[in-house]
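Student: I should like to take a close look at one part of this structure. May I ask about the pairing of charged side chains?

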Amino acid sequence: MQEKRKPYEPSVEEMVSGILEGNRRMLSRAITLVESTKPEHESKAHEILDRCLAVKKETIRIGITGSPGAGKSTFIEALGKEITGEGLRLAVLAVDPSSSRSGGSILGDKARMERLAANPDAFIRPTASSGHLGGTSPKTHEAILLCEAAGFDVVIVETVGVGQSEITADSMVDFILLLMLPGSGDELQGIKRGIMEVADAIAVTKSDGAQEPLAMVSKADFQAALRMLPQKQQFHQPKVFLTSAVTGRGIADVWVEIRETLAAMRSGNILQKRRKEQLKQLLYTSIETILKAKFFNDDTVRGMLPGIEQQVLSETISPFSGAKTLLEAFCRKQ
């Protein structure tokens with residue numbers, strides 16, 4: 001019986017060179033490597049990221065969020081046409097929710113953005129959230145860095161769209177655009193203390209046809225709500241736009257608003273400071289991820305965990321005492 005050949009694995013040098021040359025296949029492989037939970041992929045992924053991070057490029061990072069049904073994919077396709085129409089290269093990192101039971105994800109955003117997916121200046125990467133809170137996937141920030149190294153001018157992160165937890169996306173993008181449906185003013189009470197506070201602009205989607213009068217009312221509601229919230233940027237008051245991906249209404253206006261806001265952030269050195277703060281946050285997130293993995297993979301912890309868990313469930317000890325016992329045993333070995 002003929003021995004099965006192992007698939008060819010490019011070296012770090014080949015992958016980095018490919019990414020810097022804009023090779024989409026190598027970019028996709030690198031993102032897959034970074035997203036992998038296999039320990040043997042970790043070192044290679046970190047080396048690729050280190051090399052790519054050294055590449056400096058002025059980019060625009062946009063986070064697009066909104067409740068399910070707000071038309072995020074359709075809106076992104078229309079906005080993507082506007083962006084690529086100016087000769088800019090666009091990467092879209094579309095995060096889909098994962099099932100809490102199977103861990104699976106539909107990953108249908110690429111199919112929903114069919115025209116944009118066929119655009120040679122656009123790259124769409126669907127990613128499962130893997131149960132990660134914050135509307136993004138565990139490695140979204142790293143994927144952004146790889147896309148920038150590959151030469152993309154604009155990176156859009158389409159979040160899961162579940163409400164308040166979307167504020168995590170603000171720690172990795174420059175501009176948060178919140179999409180809302182006409183007549184969704186009642187949702188303000190549920191989301192205003194979360195995503196509304198970090199939104200740089202709101203786009204009322206599907207503002208055409210019979211829905212236009214309702215969209216006008218919603219716009220006024222959102223404008224009133226924004227005036228009551230603390231201002232995110234001292235130099236910038238978030239605006240509300242009426243948009244339609246079908247007619248193209250307001251799409252160009254949103255893009256102009258994004259560019260003008262980013263230009264003001266650059267001139268005031270705000271963007272540079274923000275990017276450094278985001279890298280600092282990524283450092284601490286990475287520390288937590290590495291420590292958690294080391295803790296649960298430790299032989300002593302794995303041996304003790306079932307017994308501690310049983311004691312907690314039988315209420316012999318508290319969860320806090322159980323956690324402390326495991327942590328102390330782990331630290332003694334280090």
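Student: Which side chain meets that of Arg274 in a salt bridge?

Tutor: Please keep in mind that this is a predicted model. The partner of Arg274 is Asp170, and their side chains meet in a salt bridge at 2.8 Å, N to O. This pair links distant parts of the chain, 104 residues apart: Arg274 belongs to helix H12 (residues 270–297), whereas Asp170 sits in the loop between strand S4 (154–158) and strand S5 (175–180). Arg274 and Asp170 are both buried. In general terms, side chains of opposite charge can pair when their charged atoms come close.

A search of the whole structure finds 13 salt bridges, and two others may be set beside this one. In one of them, the side chains of Glu13 and Arg51 meet at 3.0 Å, N to O. Glu13 lies in helix H1 (residues 12–20) and Arg51 in helix H3 (residues 39–53), so this salt bridge ties together parts that are 38 residues apart in sequence. Glu13 is partly exposed, with a relative accessible area of 46%, and Arg51 is also partly exposed, at 32%.

The other joins the side chains of Arg115 and Glu77, at 3.6 Å, N to O. Because Arg115 lies in helix H6 (residues 114–117) and Glu77 in helix H4 (residues 72–84), the pair ties together parts that are 38 residues apart in sequence. Here Arg115 is exposed, with a relative accessible area of 65%, while Glu77 is buried, at 10%.

Notes:
Residues are numbered from 1 along each chain as its sequence is written. This is a predicted model: local features need pLDDT of at least 70, side-chain atom pairs count only at pLDDT 80 or more; totals for chains, interfaces and linings use all residues. Side-chain values use heavy atoms; hydrogens and water are left out. A salt bridge is a side-chain nitrogen of Lys or Arg within 4 Å of a carboxyl oxygen of Asp or Glu. Helices (H or I, at least four residues) and strands (E, at least two) are DSSP runs, numbered from the N terminus. Buried means under 20% relative accessible area, exposed over 50%, partly exposed in between (1.4 Å probe, protein chains only).
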